[in-house]
Amino acid sequence: MKPQLVFATNNAHKLEEVRNVVGDSFQILSLKDIGCTEDIAETGTTLQENALIKAGYIKEKYGFDCFGDDTGLEVDALNGAPGVYSARYAGDGHDAKANMKKLLHEMQGVENRKARFRTVIALVLTGGGHLFEGKIEGRIIEEEKGSAGFGYDPVFMPDGYDQTFAELGNDIKNQVSHRALAVKKLCEFLAKL
């Protein structure tokens with residue numbers, strides 16, 4: 001039987017993305033799979049803190065080895081914003097369209113469009129915790145392009161590509177994205193256990 005790990009997320013897009021990267025080496029369980037219906041509050045002020053809060057909550061309350069992640073879009077011209085508040089940039093509703101609209105509005109007329117996506121994964125196992133980070137540099141374009149992906153994907157163009165994450169599609173994104181890089185580090189660590 002494959003080892004099981006819980007991914008502490010309610011985001012179906014993230015869950016699918018991670019399962020694709022992990023492949024057959026582990027069975028990745030969702031919060032729904034373990035009967036966790038509560039919303040785990042992300043009260044941290046950094047990506048690391050939020051990832052640890054989620055994974056620690058599941059380990060403590062449900063006893064499963066678990067990992068949680070937090071991802072932020074960091075825009076240079078906005079002093080790193082929206083950062084840890086990326087999912088609720090336009091308010092607490094986690095509205096991706098409203099978040100993108102606010103971002104594009106704030107970037108109007110801004111010349112420096114450099115940005116990066118950064119993901120931090122916290123793995124909590126019996127006996128300790130571990131952190132893994134993935135980062136991809138790119139820029140914010142001036143209007144939404146593409147329909148694949150989720151979140152800010154239609155306005156983020158990674159360095160080395162002439163299409164947004166939403167145009168590149170999941171196959172390419174799952175190889176080069178911030179989350180894919182962090183998950184690959186997680187998998188390399190787990191393979192040594």
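Is Cys187 buried or exposed? Cys187 is buried, with a relative accessible area of 17%. The legends below walk through this predicted model view by view.

**View 1. The cysteines stay unpaired, with zero disulfides found in the whole structure.** A disulfide is a covalent bond between the sulfur atoms of two cysteines. Start at Cys36, whose sulfur has its closest cysteine sulfur in Cys66, 9.0 Å away and therefore too far for a bond. For comparison, the cut-off for calling a disulfide is a pair of sulfur atoms within 2.5 Å. Cys187 is in no disulfide either, and its nearest cysteine sulfur, again that of Cys66, is 15 Å away. Cys36 counts as buried at 3% relative accessibility, and Cys187 is buried at 17%.

**View 2. Helix H2 runs from residue 47 to residue 62.** The 16 residues of H2 should span 22 Å at 1.5 Å a residue, and the end C-alpha atoms, 23 Å apart, agree with that. Look here for the buried residues Leu47, Asn50, Ala51, Lys54, Ala55, Ile58 and Lys59. Seen down the helix axis, these buried residues fall within an arc of 160°, so they line one face of H2. What do they pack against? Their partners are strand S1 (4-7), strand S3 (66-75) and strand S5 (114-125). On the face of H2 turned away from the buried side, you will find the exposed residues Glu60 and Lys61. Just after the helix, Gly63 takes a positive phi of about 85°.

**View 3. The largest pocket holds about 790 Å³ of space.** Its lining is made of 32 residues, and those closest to the pocket centre are Asn11, Lys14, Glu42, Ala87 and His94. Which elements give two or more residues to this lining? They are helix H1 (12-22), strand S3, helix H3 (96-106) and helix H6 (178-191). The largest share, four residues, comes from S3. S3 also appears in View 2, as one of the strands packed against the buried residues of H2.

**View 4. Helix H6 carries Leu190 as well as the buried Cys187 of the opening question.** H6 has 14 residues and reaches 20 Å from its first C-alpha to its last, close to the 20 Å expected at 1.5 Å a residue. The buried residues of H6 are His178, Arg179, Ala180, Ala182, Val183, Leu186, Cys187 and Leu190. Leu190 has a relative accessible area of 7%. Leaving aside residues up to four places away in sequence, Leu190 touches Leu5, Phe26 and Leu123. Gly146 is 44 residues from Leu190 along the chain, and the C-alpha atoms of the two are separated by 34 Å.

**View 5. Glu106 sits in helix H3.** Here is a residue that counts as partly exposed, at 32% relative accessibility. Which residues does Glu106 touch, not counting those up to four places away in sequence? The contacts are Leu78 and Tyr89. Ala77 and Glu106 are 29 residues apart in sequence, with 9.5 Å between their C-alpha atoms. Helix H3 also belongs to View 3, as one of the elements that give two or more residues to the lining of the largest pocket.

Terms used:
Residues are numbered from 1 along each chain as its sequence is written. This is a predicted model: local features need pLDDT of at least 70, side-chain atom pairs count only at pLDDT 80 or more; totals for chains, interfaces and linings use all residues. Side-chain values use heavy atoms; hydrogens and water are left out. Buried means under 20% relative accessible area, exposed over 50%, partly exposed in between (1.4 Å probe, protein chains only). The expected span of a helix is 1.5 Å times one less than its number of residues. The arc is that of the directions from the helix axis to the C-beta atoms. Contact means heavy atoms within 4.5 Å. On a 1 Å grid over the protein atoms alone, a cavity is a set of points where a 1.4 Å probe fits but cannot get out, and a pocket is an open set with protein on both sides within 12 Å along at least five of seven lines; lining residues have an atom within 4 Å of a point. Grid points are joined across faces, edges and corners, and a volume is the space filled by probe spheres set on the points.
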